[in-house]
Amino acid sequence: MGTPAVEIEELSRVFEPRKKPPVVALDDVSLAIPPGEIHGLLGPNGAGKTTLVKILSTVLLPTSGRARVLGHDVVDETKAVRPLLGIVFGGERGLYWRLTGRQNLAYWGALYKLSARETKARTQQLIERVGLAERADERVETYSRGMKQRLHLARGLVGDATVLFLDEPTTGMDPLAAREFRTLIAELRDEGRTILLATHDMVEAETVCDRVTLIDRGKVVATESPRTLGQVISRFQRIDVEGVDAAVLGEIRALTGVSGVTEADGGARIEVDEEGATRVVLGRLVDAGATSVKTSLPSLEEVYVQLIDDRGLEL
Amino acid sequence: MRAFVAGFGLELRIVRAAPDALIPLVTAPVFALIFLSIVRESGRPDLQADALMAPVLMTLWWIALQNAGNMITGDRWQALLEPLLATPASLASVLLGRIVALTCLGLVSFLEVWAIGELVYGVSIPFEHPVALGLTLLVTALATAGVSVAFAAVFVLTRNAYTFTNSLSYPLYLLGGVLVPVAILPGWIQPVSSVIFMSWSADLLRASLKPSPIDDLWQRLGMVVLLGAISFLIGRALLFHVMQRMRAKGELAAA
Amino acid sequence: MTALATTVNVMHHAFRAGLADYRAIFTWKSWLAGWMVRVIAQVAFFALLGERIGDDQKTFYLLVGNSILVAALTGVFSLNMTTAERWAGTLPLLVASPSSPIIVFSARGSYLAVDGALSALAALFIAGPMFGMDLPWPRVVAVVPLTALVALASYCFGTFLAGIVFRFRSINSLVVLTTHVSLMAACGVNVPLSYYPDALEWFSRVLPVTNGLLAIRGVLDGADPATILGDAALEAVVAVGWMTLALASFNQLASRGRRDGSLDYGA
């Protein structure tokens, strides 16, 4: 492997708010992302994803440790780093609402040192690529949320970035738009760009990423292929049930693959941590005449708990 | 009335948390110094009382206009407009209550100019007709709020509060005879001035600081109240119309 | 592209973005009917006090001072830019771009200097004749570049304040308005500098407007060219001084933001 696209070594960041105890946002994070990879940064809100993205984008300094983008240090070599980067974040901010989509892109194009002619051509090309051609000359304030997010992506691409940082880019997008967005991300990888995708959406991480780093409370929990992650997700299931008596629940508790049964007002939640066990449990519940059965995937937090407990076993 | 009181109380609490609305109180004493220095430098100490009253009227109008312009739009952005309209209260009364709270606080500028005049130049306010003075200030604060409700409706209608609030300051100070009596303006402007409540207030304020008796005090005070009330009623009708239109178009919530 | 060409391109686009932003607020019609009417009214408001005092010279003094002050008022609006930037959440993106934030910022707002100069000149040339003031031709032409200089100096001053105020976004409009009235009070707009206490007079000399306004009054009163040029040069020095400080305050802002994490783009 040559120079990694992103190389993070023992990176930490502590915030010291006035009159409040210090907050450790990143704690000794190390990570290397090879060129051309879509790397997921998966964690709940407040896990430190945005802090990491900010440090890599040169707008925040780490408290200790170092980070390099294509071999350039993000603290000291900002002049070399900045032209390589594209930054995209979700939500509605980061755009000039009173300007049109095209004016926004032209402005940022100039800031990324494109010549006047390049700016014009690149702007047009990006507008078409993200599907904003029909509305490009209208003010951003008239755009829908999805359109603003596509404009964000175009903005991130205007400097022809080699490395893209996407921070929750599909926040608030409808499922269809989010799917198109993910297709676009895959295309960008195929063009040879490296992408760091911060998200709290497990399905998103699983579907588009080559590898995923799980981060929680500023620490890296694990770096996995999404296949492993997918196994974890499908292996752990929970079943909420109503209308079965305690005897049946006791019986289920004894089944292999059932990790826990908690009873609560008239119903119970059964947790399963082995592939195949769900089917057995469901069969038993139906036989026992359960009035309501519902299965669901565990939340991200629950997967963490499992991962942290299980680490070193088979992951 | 209840809506009015609720609006009044709400605005007081908002101002306590974020006193931005009262910024003109910071500039009022500076304006007083500017006007005082002009008349003193020109050797006209007889104009000092006029110079002190102008910032008070400017402050009232500025506070009312600036905030009336943003109240409805601000509520709309914070998704407060829909729930507010869904209550049985009258929007115009709530607004009036809120703006009256601000104009009453704006009267503090009277104390400020009094103090700064004394401190810097040793100029005092000649309290020749204190009752007339007090009544004029009070009535002016109310009328200013009434007129602001009308402007608030216009701002929503034209969707350009920013341009308006910036444009309606000095033209009104001029036509309202805030610093210089309307009588000095060209004749053709004077009919316009006479329907502006501020011109009646300004003349009364100046008269109440002069030893000569005030002619027709009650009629003139009544005129200020009347003009303020008419504006409020127009504003209420306009607001109703604007809100109906926004309801029809589904624009009460911000995109 | 050469470094210079790149910088020019950045400034060009930033200027256009600023202008587009401004034109979203003002159309030609609302600029004339709203802003210009207000500006003329403001100048007339002060000039009328001169009439009330009953001294033509005082009327003209107030008229010229308050007309030229308009250039400064507009320039100081550059303070609002940073709030807008903060509201838009674009500042970290700006810092993360390969361009210098101060170049982008100063170019983005420079339409304000142009607008200020135009507004001030319009005020002078409309309100002047309205009050029967004689504007000596062709000497009066020299007022045009001098007004532009005042607008520029005020813009630099506003940009400096923007860098300072940025960290305290809630006081932005307070600073704009107090700066406006302070310039109105302290720059020889309404009374001659000699009327001020000595200390204030010195302070007044390092503010924008003061020296440039003296030069403009010199032009209109037929002062000798050396005095006029001297005052103009001082105004230029003041402009450069504030711009230098603005540069420092923005660099400080960016590096401090990187350290303490105040460059925020979250919702």
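**Notebook: strand E13 of chain A and its neighbours**

I began with the hairpin that E12(A) and E13(A) form, which has two residues between the strands, and I noted that A:Gly266 in the turn has a positive phi of about 85 degrees. I took strands (E, at least two residues) and helices (H or I, at least four) as DSSP runs, numbered from the N terminus.

I reminded myself that this is a predicted model, in which local features need pLDDT of at least 70, side-chain atom pairs count only at pLDDT 80 or more, and totals for chains, interfaces and linings use all residues. Residues are numbered from 1 along each chain as its sequence is written, while chains are lettered from A and ligands numbered from 1 in the order in which they are written.

Next I looked up the pairing, which requires that DSSP finds at least two bridges between two strands. Strand E12 (residues 258-264) runs antiparallel to E13(A) over six bridges, and strand E11 (residues 237-242) of chain A is also antiparallel to E13(A), again with six bridges. I found A:Ala268 of E13(A) to be the bridge partner of A:Glu263, and A:Val241 stands opposite A:Ala268 too.

Which side chains of strand E13 point to the buried face? I listed A:Ala268, A:Ile270 and A:Val272 there, whereas A:Gly267, A:Arg269 and A:Glu271 point to the other face and are not buried. Buried here means that 20 or more other C-beta atoms, placed from the backbone, lie within 10 Å of the residue's own.

Finally I checked the whole of chain A, which has eleven helices and 14 strands, and in which buried residues make up 44% of the 315 residues.

Terms used
Buried ≥ 20, exposed ≤ 12 C-beta atoms within 10 Å, placed from the backbone.
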